[in-house]
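Biologist: Could you take me through a few buried positions and the nonpolar packing in this structure, one question at a time?

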Amino acid sequence: MKYHAHTRIFVAGHRGLVGSAICRALEKRGFDNLIVRTSSELDLTDGARVEAFFRTEKPELVILAAAKVGGIQANSLYPADFILNNIAIESNVIQAALRHGCDRLLFLGSSCIYPRMCPQPIREEYLLTAPLESTNEAYALAKIAGLKMCEAINRQHAKHYLAVMPTNLYGPGDNYDLETSHVIPALIRKFHEAKTNRVPQVVLWGTGNPRREFLYVDDMADACLYLMLDTDTCALTNIGTGIDLTIRETAELVAQTVGYEGEIVFDHTHPDGTPQKLLDVSRLSSLGWKARTSLRHGLEMTYAAFLKGEARM
Ligand code: GFB
């Protein structure tokens, strides 16, 4: 490995679900020179400040986990924020990394970059072959722009910028705001509050029929470091488990984890989003990585963290 314990690594978005897991994983691997900034210390949408930060700190490796993210409702309600903030963050950080000589950068995308009606499981080659899902088109376009920036820089400047596309993530440190969260933290909170307050029924969104694949965030962080540090791949790579289930099945599993025994009903006035997005993980497997944490065990660890009050409520 050409990196050592004191390599200067900038983790953008270190307080988020993914960024915090990546910091934990880097520390576990013995890296002791992580450079982090909160959004109030460094606004990544401000190009001049990002440039000044790179000039002073000179990171050798960059992990771009900072992004405006949210669940289906936040994506539908705030598309302008999703496209504008994300393109600004990507453009500023990736350009500054290039300008200041970083050879290796990791860009975090999302499985929603693929077409809505994709053949399943989704292979990396299906990118840009058909229209996107409308509930998250703005976010997906921003993420596609980011991965294309990496590809273009690799081609023109012979760098090794790597874009990875994770499936839906969950784990400790998630956002539990019911208006903006993803489905797993929403289910944990809804079932926990219903159990605590003895409410006989919990209302979930959509039909319960869409299928989703969920990856525990510490597995995701492990995959990211493996690809970035232990391989020199620059190929767009899906990160997932290769297993999906319906939202109804997911809800039943979360209810069991939380110990909620009431009724689960679905409010069909809320959108389902894309019907299925199961990633094909054969490229990742052929590079030598496989997810380890079962959904049941991951949910138990996430609920334990929620109970400890780790949630940002
Ligand atoms: O996780 P989620 O918000 O986003 O929703 P997406 C997944 C599915 O769970 C949808 C259903 O079919 C929702 O209708 N669902 C049921 C709920 N009850 C709830 C609830 O209480 N809260 C939430 N949030 N969902 C996002 C994209 O898509 O996934 C992003 O919008 C990104 O761009 C992210 O790709 C990973 O899986 O539909």
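Biologist: Is Ser181 buried or exposed?

Modeller: In this predicted model, Ser181 sits in the loop that runs between β6 (168-170) and α6 (183-196). Its relative accessible area is 6%, and the cut-off for a buried residue is under 20%. Because its 6% falls within that limit, Ser181 counts as buried.

Biologist: Which residues is Ser181 in contact with, leaving aside its neighbours within four places in sequence?

Modeller: Ser181 belongs to the loop between β6 and α6, and one of its partners is Ala186, a residue whose number falls in the range given for α6 (183-196). With the sequence neighbours within four places set aside, the contacts of Ser181 are Gly71, Asn175, Tyr176 and Ala186.

Biologist: Why does Asn154 count as buried?

Modeller: Asn154 is part of helix α5, which covers residues 137-157. Beyond its neighbours within four places in sequence, Asn154 has contacts with Lys159, His160, Tyr161 and Cys234. Buried means under 20% relative accessible area, so Asn154 counts as buried because its relative accessibility is 16%.

Biologist: Which helix gives the most to the largest nonpolar core?

Modeller: The largest nonpolar core has 72 residues, and Ile22 and Leu108 are those with the most contacts inside it. The helix that gives the most to this core supplies nine residues and spans residues 217-230, and it is helix α7.

Biologist: What does Leu108 touch, not counting residues up to four places away in sequence?

Modeller: Leu108 is one of the residues with the most contacts inside the largest nonpolar core. Not counting residues up to four places away, Leu108 touches Val18, Ile22, Ile63, Leu64, Ala65, Lys143, Val164, Met220 and Cys224.

Technical notes. Residues numbered from 1 in each chain as written. Predicted model: local features only at pLDDT ≥ 70, side-chain atom pairs only at ≥ 80, totals over all residues. Heavy atoms only, no water. Core = buried A, V, L, I, M, F, W, Y, C linked by side-chain atoms within 4.5 Å. Buried < 20%, exposed > 50% of the residue type's maximum accessible area, 1.4 Å probe, protein only. Helix = DSSP H or I, 4+ residues; strand = E, 2+ residues; numbered from the N terminus. Contact = heavy atoms within 4.5 Å.
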